[in-house]
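Me: I've got a model open and I'd like to learn how to read its strands and its core. Can you walk me through it?

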Amino acid sequence: MVSTKSVIATKSGLQYLPKSMDDHIDSSPNQELLPLTAKVNSLDHLELGGLDVPALVEKFGSPLYILDEYTLRTASRQYRDALKKYYPGESLVLYASKAWSCLAVCAICGSEGLGIDVVSGGELYTAIRAGINPTKIYFHGNNKSTAELIFAMAMGCVIVVDNWLELKTLVALQTEKTEELQNPTKIMVRFTPGIECHTHEYIRTGHLDSKFGFDQNQLNDVFTFINQQQVLSFVGIHAHIGSQIFEVQPHQDLADVMVDAMSTAMAHNLSIQEINLGGGLGIRYTETDDPPSIENWVEMVSKAMVNACQARQLPLPKLLCEPGRSIVGPACVTAYTIGSKKQIPEIRTYISVDGGMSDNPRPITYQSIYGVVVANRLSQPTTETVTIAGKHCESGDILIKNAMLPETQAGDCLVVMATGAYNYSMASNYNRLPRPAAVLVGNQEVNIILQRETYQDLLRKDILPERIEISKN
Ligand SMILES: Cc1ncc(COP(=O)(O)O)c(C=O)c1O
């Protein structure tokens, strides 16, 4: 019998290296804790994209977001290729750029053939500047401003209409500004499908009590209204039920609800060319997380759509989905430098790092749990249970509670895994911390994709009115 002691002693950062290392077949990135190129090198250091992680930190400083290009491309391709394999109609994957909107991430997804889902003028501007074809940009949001709508319409994006005010504003704009906006604007209608899924309350969106979209029982009126408008081009319907979902069933149920809504639209002489089932596939943040693979999710959802259409003898629409977290989340880690340590006997040991809730607000916002490795001691057995604290002036600024680490010392390089989604995009300057840099690694090359902010950047928008004297005391 193996003793508990020896089992504990064999645990180390090595256990998180991707499975694909052994069989040279890419696993589904969302089922891995570390990016697909993660390796241990002869220094016992973590390597990503063929580069030594502690050396990257030495060169670019910390905290440092390290984005693995191979993993990002692999996730994008797995969605795209699985849809081609399992869905007999046309399909398009949209990267939900709210997960991480920046030029490099949008451009890489675009180069893999993905479109982009945006929810603000800023995300739209980023996607356009990243070279995304505007006809493959879908604009969401429950309170788009008129200026944002005009921007999206002028570019020729598809607008995912969320409510009556927006629908009527679009008609008015299209009628008033015919010269600026030549073509009828393409619209989809977002509605709440009434599907519950087991995820955090803040990231559940498909249940009836949600701020997003029309109620299902408003659809008849919405379709009647749209049918009377010559200036809008109705292309389809959209729903998104939530995020970090580990079951496939809610999306299979969603396919049924969407095809029912398609019948309703057809009864109003509206043809549905596209159905968008949203995003939401979960990823592995900790050892116990067990999401379905990207391929499996796409297969099940595609089959559900085909069955739902066949059962109602309806033609197959173009099938869209818009994953964010499962595309970019597993492709990135955040590297920190370990600083102070505080031991409270019989209670807890705190280890502090040089970032925290400003570069990763998810633990304090959603009580999210992350996994961690020490990048310069990858194979050393984990022997200490510690709580990893950020450097912010906030007791709740805890990145990870009860993490198992090898014995560490100040200066060690701590890596929090799977931080690509909703980290940089939700980052702040709380306590006036400059936002960290992000680097892209691949094939032993590294490029800065987001520069580290400086103190000057922090003051860029500050204005000291002349009448306020600077105290000379
Ligand atoms: C409308 C919409 N689409 C797509 C997504 C992406 O979801 P995920 O990152 O879970 O794939 C979200 C996220 O909340 C969303 O609100």
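**Strands first, then the core**

Reply: Let's start with one pair: Ile-344 stands opposite Arg-348 in β15. Before going on, note that this is a predicted model, where local features need pLDDT of at least 70 and side-chain atom pairs count only at pLDDT 80 or more, while totals for chains, interfaces and linings use all residues. Residues are numbered from 1 along each chain as its sequence is written.

Me: What joins β14 and β15?

Reply: Strands here are DSSP runs of E, at least two residues, numbered from the N terminus, and two of them pair if DSSP finds at least two bridges between them. β14 and β15 (residues 348-353) are antiparallel, with 5 bridges. They make a hairpin with 3 residues between them, and Glu-346 in the turn has a positive phi of about 70 degrees.

Me: Which residue does Thr-334 face in β19?

Reply: Val-416. β19 (residues 413-416) runs antiparallel to β14, joined by 4 bridges. β14 (residues 332-344) also pairs with β4 (residues 64-68), again antiparallel and over 4 bridges, and there Tyr-65 is opposite Thr-334.

Me: Which residues have the most contacts inside the largest nonpolar core?

Reply: A nonpolar core is a set of buried Ala, Val, Leu, Ile, Met, Phe, Trp, Tyr and Cys residues joined through C-beta atoms within 7 Å; buried means 20 or more other C-beta atoms within 10 Å of the residue's own, with C-beta atoms placed from the backbone. The largest one has 126 residues, and Ile-66, Met-258, Val-415 and Met-417 have the most contacts inside it. Domain 1 (4-68 + 330-458) and domain 2 (140-323), with bounds from an automatic or database domain assignment, both contribute residues, so this core lies between them.

Notes
Buried ≥ 20, exposed ≤ 12 C-beta atoms within 10 Å, placed from the backbone.
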